[in-house]
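Let's take a walk through this protein together, one piece at a time. Keep the picture open while you read.

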Amino acid sequence: DLRFDKTTPYDFMPDIKVHHGFWKAFAELIPELEKFLANETFHGKDLRITGHSLGGALASLCAVHIQLQGDKFKFRSIQTITMGEPRVGNVRFHNVYMLAIEAAWRLTHHADVVPKVPFQSFGYFHTATEVWYSDERYKPDGYRVCDGSGEDPHCQNSIFWHNSAEDHSYYVGLLLGSEGCPKEYMPTAKDLAILKKYNETRDHVDSLSVHLPVNSTKDLAGW
């Protein structure tokens, strides 16, 4: 069964409420995540966090969590790019998120059903800034940068009926899901050789990208 109950993850900000199941899933990642991000190699670098579906919700929670740690993690900036992300928290979470995260892009595709849940009528509100790919088939320039409110009525919210699981699995020309990348999108031996040579010539790390789990609509069940 789908559950839309909320929890208060931050004792010092009791008015912030987020989806109970999303927070539970993220909380299980915190010990290993913090251990990894504490590496001094990353000090002063940009942190980019990405995720699809449930992974997008975890990416948003991760970004706020790291920012609220103050000087514990010394990143130059924290940025997020999510795809097919469900609503994570209430409007207060939205407000804190937009203040805390320097650059936040939330991609939506046509009539993807997942960004429509949990419902606004249950007290949930999207983070911004939405980037809506309005066509069923991917077009590199077929997007609209929305108004930054999180709930722009002229973007995906302009579609009355959202029921497409197919749109949820198809983002920026790639078929996403829990089965991993299709073979045709996997790097070739030539690609890996170029990447290896590039890494060997670098004497520093400019930025760190963390990708949280790619999941399908079935992963939302039970939360």
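**A walk through the chain**

Let's begin with a single residue, T129: its relative accessibility is 15%, so it counts as buried, given that the cut-off for buried is under 20%. You'll find T129 in the loop that runs between β5 and β6. So what does T129 touch, once we leave aside its neighbours within four places in sequence? The list is M98, A104, W105, R106, V145, C146 and G148. Keep in mind that you're looking at a predicted model.

Now compare another loop residue, E136. This one sits between β6 (130–133) and β7 (143–145). Is E136 buried or exposed? It counts as exposed, because its relative accessibility is 56% and the cut-off for exposed is over 50%. Being exposed doesn't leave E136 without contacts: not counting residues up to four places away in sequence, it touches H109, H110, D167 and Y170. Take Y170 from that list. Along the chain, E136 and Y170 are 34 residues apart, and their C-alpha atoms are separated by 8.9 Å.

Let's zoom out for a moment. The chain has 223 residues, and 47% of them are buried. Its secondary structure comes to 6 helices and 10 strands. If you take the contacts with a separation of 6 or more, 75% of them involve residues 24 or more positions apart.

With that in mind, go to helix α2, residues 30–37. Its buried residues are I30, L33, E34 and L37. Why do they end up on the same side of α2? Because they cover an arc of only 95° around the axis. Turn to the other side of α2 and you meet P31, E32 and K35, which are exposed.

Next, look at helix α1 (residues 20–27) alongside α2. The two pack at an angle of about 50°, and their axes are 7 Å apart. That angle is why α1 and α2 count as oblique to each other. Which residues make the contact? From α1 they are W23, F26 and A27, and from α2 they are I30, P31 and L33. Sorted by class, this contact has 6 nonpolar residues, with no polar and no charged ones.

F26 leads us on to the largest nonpolar core, which has 33 residues. F26 is among those with the most contacts inside that core, along with I49, L61, I66 and F93. The elements giving two or more residues to this core are α1, α2, β3 (46–52), α3 and α4. Which element supplies the largest share? That's α3, with 9 residues. Setting aside its neighbours within four places in sequence, F26 is in contact with L33, L58, L61, C62 and H65. Apart from this core lies another one, of 6 residues, among them L107, V131, Y133 and L176.

Our last stop is helix α4, residues 91–100, where F93 turns up again. The buried residues of α4 are F93, H94, V96, Y97 and A100. What covers them? The cover includes β2 (18–19), α3 (54–67), β4 (77–83) and β5 (103–109). We've met β5 before, since the loop holding T129 lies between β5 and β6.

Terms used
Residues are numbered from 1 along each chain as its sequence is written. This is a predicted model: local features need pLDDT of at least 70, side-chain atom pairs count only at pLDDT 80 or more; totals for chains, interfaces and linings use all residues. Side-chain values use heavy atoms; hydrogens and water are left out. Buried means under 20% relative accessible area, exposed over 50%, partly exposed in between (1.4 Å probe, protein chains only). Helices (H or I, at least four residues) and strands (E, at least two) are DSSP runs, numbered from the N terminus. The arc is that of the directions from the helix axis to the C-beta atoms. Contact means heavy atoms within 4.5 Å. Axes are lines fitted to C-alpha atoms, for helices over the stretch in contact, and angles run from 0 to 180 degrees between N-to-C directions. Angles under 35 degrees count as roughly parallel, over 145 as roughly antiparallel, 65 to 115 as roughly perpendicular and the rest as oblique. Ala, Val, Leu, Ile, Met, Phe, Trp, Tyr, Cys and Pro count as nonpolar, Asp, Glu, Lys and Arg as charged, and the others, Gly among them, as polar. A nonpolar core is a set of buried Ala, Val, Leu, Ile, Met, Phe, Trp, Tyr and Cys residues joined through side-chain atoms within 4.5 Å.
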